[in-house]
Amino acid sequence: MAIVVRILGMFNVLAAAVVFVNVLSGHAQLWNTGSLWDYINPIMGIAVVISLLVNLRRKISLPEDDRVSRMYLEVNVLFYASIILTMIFFSNWFYMLWDFGDASDESRTRHFIYWWFINPYFILVSGITGYHLWLKASRS
């Protein structure tokens, strides 16, 4: 089981790294990153689902005591961040996968701007969740 957890953690960290490199190279205009997103977005989708499920499991397994601790805050912040990331990512990605042609210019611009929020947010949530999974596998 530790191997599977480590693989999932590595997948999330590598997905975050790929998005990070692609975002930086797009801003630096090192290469045309437009067609790469067609391959990166499904990888991001898998990592988003992994993050949501892992953080949901961590939230469910929290002890039932009434005190607020560092672990309690970490788990809750990552859980709710995963929920927000899942909603925004899949909503925006499905919008772009389906008919973009009948949308107004304002709507298209708004959805492209959402990616500027989604990508750094994804890097943080996926990277932290993957790092947590990697450490958890190392401890067991």
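**Four helices and their contacts**

Let's start with one residue. Valine 13 has a relative accessibility of 34%, so it counts as partly exposed. A quick word before we go on: this is a predicted model.

Where does valine 13 sit? It sits in helix α1, which covers residues 2-28. Now look at tyrosine 131. Along the sequence, valine 13 and tyrosine 131 are 118 residues apart. In space, their C-alpha atoms are 6.6 Å apart.

Keep arginine 6 in view too. Its charged end sits over the ring of tryptophan 134. The distance to the ring centre is 4.5 Å.

Now step back to the whole chain. How many helices and how many strands does the protein chain have? Four helices and zero strands. Read along the sequence, the pattern is α-α-α-α. The protein chain has 140 residues, and 36% of them count as buried.

Next, two helices together. In general, two packed helices are described by the angle between their axes and the distance between the axes. Take α2, residues 37-60, and α3. Their axes come within 9 Å and cross at roughly 150 degrees. Is that roughly parallel or roughly antiparallel? Angles over 145 degrees count as roughly antiparallel, so α2 is roughly antiparallel to α3. The crossing of these two helices is left-handed.

Stay with α3, which covers residues 70-97. Alanine 81 is in this helix. Is alanine 81 buried or exposed? Its relative accessible area is 12%, and the cut-off for buried is under 20%, so alanine 81 is buried. Its C-alpha lies 9.3 Å from that of asparagine 55. In sequence, alanine 81 and asparagine 55 are 26 residues apart.

Isoleucine 84 is in α3 as well. Its relative accessible area is 36%, so isoleucine 84 is partly exposed. From its C-alpha to the C-alpha of tyrosine 121 is 9.6 Å. Along the chain, isoleucine 84 and tyrosine 121 are separated by 37 residues. Remember tyrosine 121. We will come back to that residue.

On to the aromatic rings. How many aromatic pairs are there? There are eight. Here is one of them: phenylalanine 89 with tryptophan 115. The ring centres are 5.8 Å apart, and the planes stand at 80 degrees, so this pair is edge-to-face. Phenylalanine 89 is in helix α3, and tryptophan 115 is in helix α4, residues 105-139. They are 26 residues apart, so to speak from distant parts of the chain, and the pair links those parts. Both residues are buried.

Compare another pair, phenylalanine 117 and tyrosine 121. Here the ring centres are 5.1 Å apart. The planes are at 20 degrees, so this pair is stacked. Both residues lie in helix α4. They are four residues apart, about one turn of the helix. What about exposure? Phenylalanine 117 is at 45% relative accessibility, so it is partly exposed. Tyrosine 121 is at 17%, so it counts as buried.

There is also an aromatic cluster. Which residues form it? Phe89, Phe90, Trp93, Phe94 and Trp115. You have already met Phe89 and Trp115 as the edge-to-face pair.

Last topic: charges. Side chains of opposite charge can pair when their charged atoms come close. The count here is two salt bridges.

The first one I'll show joins arginine 67 and aspartate 65. Their closest N and O atoms are 3.1 Å apart. Arginine 67 has 56% relative accessibility, so it counts as exposed. Aspartate 65 has a relative accessible area of 38%, so it is partly exposed.

The other joins glutamate 74 and arginine 70. The N to O distance is 2.8 Å. Both residues lie in helix α3, four residues apart, about one turn of the helix. Is arginine 70 buried or exposed? At 67% relative accessibility, arginine 70 counts as exposed. Glutamate 74 is at 35%, so it is partly exposed.

Let me recap. The chain has four helices and zero strands. Helices α2 and α3 are roughly antiparallel. There are eight aromatic pairs, and there are two salt bridges.

Methods: Residues are numbered from 1 along each chain as its sequence is written. This is a predicted model: local features need pLDDT of at least 70, side-chain atom pairs count only at pLDDT 80 or more; totals for chains, interfaces and linings use all residues. Side-chain values use heavy atoms; hydrogens and water are left out. A salt bridge is a side-chain nitrogen of Lys or Arg within 4 Å of a carboxyl oxygen of Asp or Glu. Buried means under 20% relative accessible area, exposed over 50%, partly exposed in between (1.4 Å probe, protein chains only). Rings of Phe, Tyr and Trp (its six-membered ring) pair if their centres lie within 6.5 Å; planes under 30 degrees apart count as stacked, over 60 as edge-to-face and the rest as tilted. A charge sits over a ring if NZ of Lys or CZ of Arg is within 6 Å of the ring centre and within 35 degrees of the ring normal. Axes are lines fitted to C-alpha atoms, for helices over the stretch in contact, and angles run from 0 to 180 degrees between N-to-C directions. Angles under 35 degrees count as roughly parallel, over 145 as roughly antiparallel, 65 to 115 as roughly perpendicular and the rest as oblique. A crossing is left-handed if the near helix is turned anticlockwise from the far one by less than a right angle, and right-handed if clockwise.
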